[in-house]
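User: Hi! Could you walk me through this model?

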Amino acid sequence: MMIETKDLTKKFGALTAVEGVTLSVAEGEVFGFLGPNGAGKTTTVRMLCSLISRTSGEARIGGYDVGDDEGSLRARKMIGLVSDNVGLYEVLSAYRNLEIYGRLYGVPEARRRENIEKLLTMLGLWEKRDVAAGTFSKGMKQKLAVARALVHDPEVVFMDEPTANLDPESAKTVREFILELKKERRTIFLNTHNLDEAERVCDRIAILNTRLMATGTPGELESMVGGKKVVVELARPSEAVVAALNERYAGFTVAPGGTRLTFAPSDPDGQIPDVVEAVVRAGGRVRYAGVEGSSLESTYLQLVKGEAR
Ligand SMILES: Nc1ncnc2c1ncn2[C@@H]1O[C@H](COP(=O)(O)OP(=O)(O)O)[C@@H](O)[C@H]1O
Ligand SMILES: [Mg+2]
């Protein structure tokens, strides 16, 4: 495992910001850390990057304990961080910002140049390499911060809400960049409160609200709150259709009015063709047939509130 925590906990005085978080992220995985404001996402990442100490529990990066001096030193070399505050040298050019960072990490000159060019190009900033970072738009600064986190070729990249406040196009560039990093087998830990983003780029997602509420693939999380169902709308109510479907499917309900029929078979998506056929065979006419319920959003809201079964 590239990232591993066990019962990781952080208290700020009387406030418990992160409580008993146990998770593991494999090499090459894009792991989404999803939660509302104040959930403890940034605090967790700061502990993993040895920027703050933990109150209790364990945390390892690449097998190194980030809580002791030697471990944190080794782990830090493997880590790139796009933090939630950008912090660039505003008077220096984009290129110099990256160069200084590369030197700090002891990246040899040739490798440094190669990486900087590649990263600035991937993020659409190569043309702006000689422009002072202070004149950049918010989105450009954010992209520069993303580039900076990669100059030293880290194996593990932590990104703390990297697309927050970005316009849709820049956000897309950053998401595509994350997918490129995935192709390079880097491990990515992505803090986000954007569900759509998590669903699009993450292999697995953990939902945090001080404690971990759930972990799984987007599909697994959806099935955890078990909400997917088949919905069929008939052109007109039909006793014969209801009888035919009742015979085939369990847990079957008919809404008042008699045209909207819902039930939850084990594989809702795969059942649609059969359902439609059964309706037609029983003499019904289908106005609409589809799978509804449990989007990742409703799943998320239920899991954050701890309502999941
Ligand atoms: N340095 C700090 N001192 C005191 N409280 C803090 C500190 N950093 C974070 N917190 C508190 O810890 C909780 C979690 O914060 P944070 O990790 O920033 O959440 P998130 O990144 O998920 O929005 C919040 O209640 C926040 O106010
Ligand atoms: Mg945060």
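Analyst: Happy to; here are some notes on the ligand, a helix pair and a loop residue.
Analyst: This is a predicted model, where local features need pLDDT of at least 70, side-chain atom pairs count only at pLDDT 80 or more, and totals for chains, interfaces and linings use all residues. Residues are numbered from 1 along each chain as its sequence is written, while chains are lettered from A and ligands numbered from 1 in the order in which they are written.

User: Which helix gives the most to the shell around ligand 1?
Analyst: That is α1, with 3 residues. Both β2 (15–25) and α1 (41–48) supply at least two; helices (H or I, at least four residues) and strands (E, at least two) are DSSP runs, numbered from the N terminus. Among the residues surrounding the ligand are Phe 12, Asn 37, Lys 41 and Thr 42, where near means a C-beta atom, placed from the backbone, within 6 Å.

User: New topic: at what angle do α3 and α4 cross?
Analyst: Roughly 135 degrees, with the axes of α3 (residues 94–104) and α4 (residues 109–122) coming within 10 Å. Axes are lines fitted to C-alpha atoms, for helices over the stretch in contact, and angles run from 0 to 180 degrees between N-to-C directions.

User: Nice. And Lys 128, buried or exposed?
Analyst: Lys 128 is partly exposed, because 18 other C-beta atoms lie within 10 Å (buried is 20 or more, exposed 12 or fewer, partly exposed in between, with C-beta atoms placed from the backbone). Lys 128 sits in the loop between α4 and α5 (138–148).

User: How far is Lys 128 from Met 140 in space?
Analyst: The C-alpha to C-alpha distance is 9.5 Å, at 12 residues apart in sequence.
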